[in-house]
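Take a look at the sequence and the model below. This report walks through the inner spaces and then a few single residues.

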Amino acid sequence: MDLHIDVELQGGLMLVTARGTLAFDATLRLLKQVCDTAAEKQVNKILVNSLAVDGDLTTLERYQLGVEIAAYIMQRQKNTRLAIVGLPPAIDGFGVRVAQNRGMTVEVFSTQQEALNWLDIWPS
């Protein structure tokens, strides 16, 4: 099954629900699409719920994903806050750490409520 997303705007929050199987190219493309939509809608808080995603990326793919998404977001919208909800093996937090090391405000959570609580501490 390919990777698909549904996007819903809730005030100053963009809620993205992902489902399907991880693949590097599809994941990068969809995350860039999410970032572009957030910039277009002037939303700086993004929650990506990946609990319905399966599969695995290599360590190198996770590293590259973190590098590329951090650069992409930092060029477009410097105050973006990205919360990712997911569980191993699909989401292990390595790509998030790579993006954090490049200045991006991003965190990984195991529940959507934890992610919402974290996003609530940031002003819109």
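Which element gives the largest share of the lining of the second largest cavity? Helix 2 does, with 3 residues. Keep in mind that this is a predicted model.

## The cavities

A search of the whole structure finds 2 cavities of 30 Å³ or more. The largest has a volume of about 410 Å³. It is lined by 29 residues, and the closest to its centre are Thr27, Leu31, Leu65, Ile84 and Ile91. Several elements give two or more residues to this lining. They are strand 2 (13–21), helix 1 (24–41), strand 3 (45–54), helix 2 (59–76), strand 4 (81–85) and helix 3 (94–100).

The second largest cavity holds about 40 Å³ of space. Its lining consists of Cys35, Ala39, Ile46, Tyr72, Ile73, Arg76, Gln77 and Thr80. Here the elements that give two or more residues are helix 1 and helix 2.

What kinds of residue line each cavity? The table sorts them.

| Cavity | Nonpolar | Polar | Charged |
|---|---|---|---|
| Largest cavity | 22 residues | 5 residues | 2 residues |
| Second largest cavity | 5 residues | 2 residues | 1 residue |

## Two backbone exceptions

Most residues other than glycine have a negative phi, and most peptide bonds are trans. Two places in this model depart from these habits.

Start with the prolines. The peptide bond from proline 88 to proline 89 is cis, with omega near 5°. Proline 89 sits in the loop between strand 4 and helix 3.

Now turn to glutamine 42. Its phi is near 60°, a positive value in a residue other than glycine. Glutamine 42 belongs to the loop between helix 1 and strand 3. Is glutamine 42 buried or exposed? Glutamine 42 counts as exposed, because its relative accessibility is 73% and the cut-off for exposed is over 50%.

## Leucine 3

Leucine 3 lies in the segment before strand 1 (4–10). Its relative accessibility is 11%. Buried means under 20%, so leucine 3 counts as buried.

Which residues are in contact with leucine 3, leaving aside its neighbours within four places in sequence? They are Arg19, Gly20, Thr21, Ala26, Thr27, Leu30 and Val53. Take glycine 20 from that list. Leucine 3 and glycine 20 are 17 residues apart in sequence, yet 4.3 Å apart in space, C-alpha to C-alpha. Thr27 also links two parts of this report: Thr27 is in contact with leucine 3, and Thr27 is among the residues closest to the centre of the largest cavity.

Definitions and conventions: Residues numbered from 1 in each chain as written. Predicted model: local features only at pLDDT ≥ 70, side-chain atom pairs only at ≥ 80, totals over all residues. Heavy atoms only, no water. 1 Å grid on protein atoms, 1.4 Å probe; cavity = no way out; pocket = protein on both sides within 12 Å on 5 of 7 lines; lining within 4 Å. Points joined across faces, edges and corners; volume = space filled by probe spheres on them. Helix = DSSP H or I, 4+ residues; strand = E, 2+ residues; numbered from the N terminus. Nonpolar A, V, L, I, M, F, W, Y, C, P; charged D, E, K, R; others polar. Buried < 20%, exposed > 50% of the residue type's maximum accessible area, 1.4 Å probe, protein only. Contact = heavy atoms within 4.5 Å.
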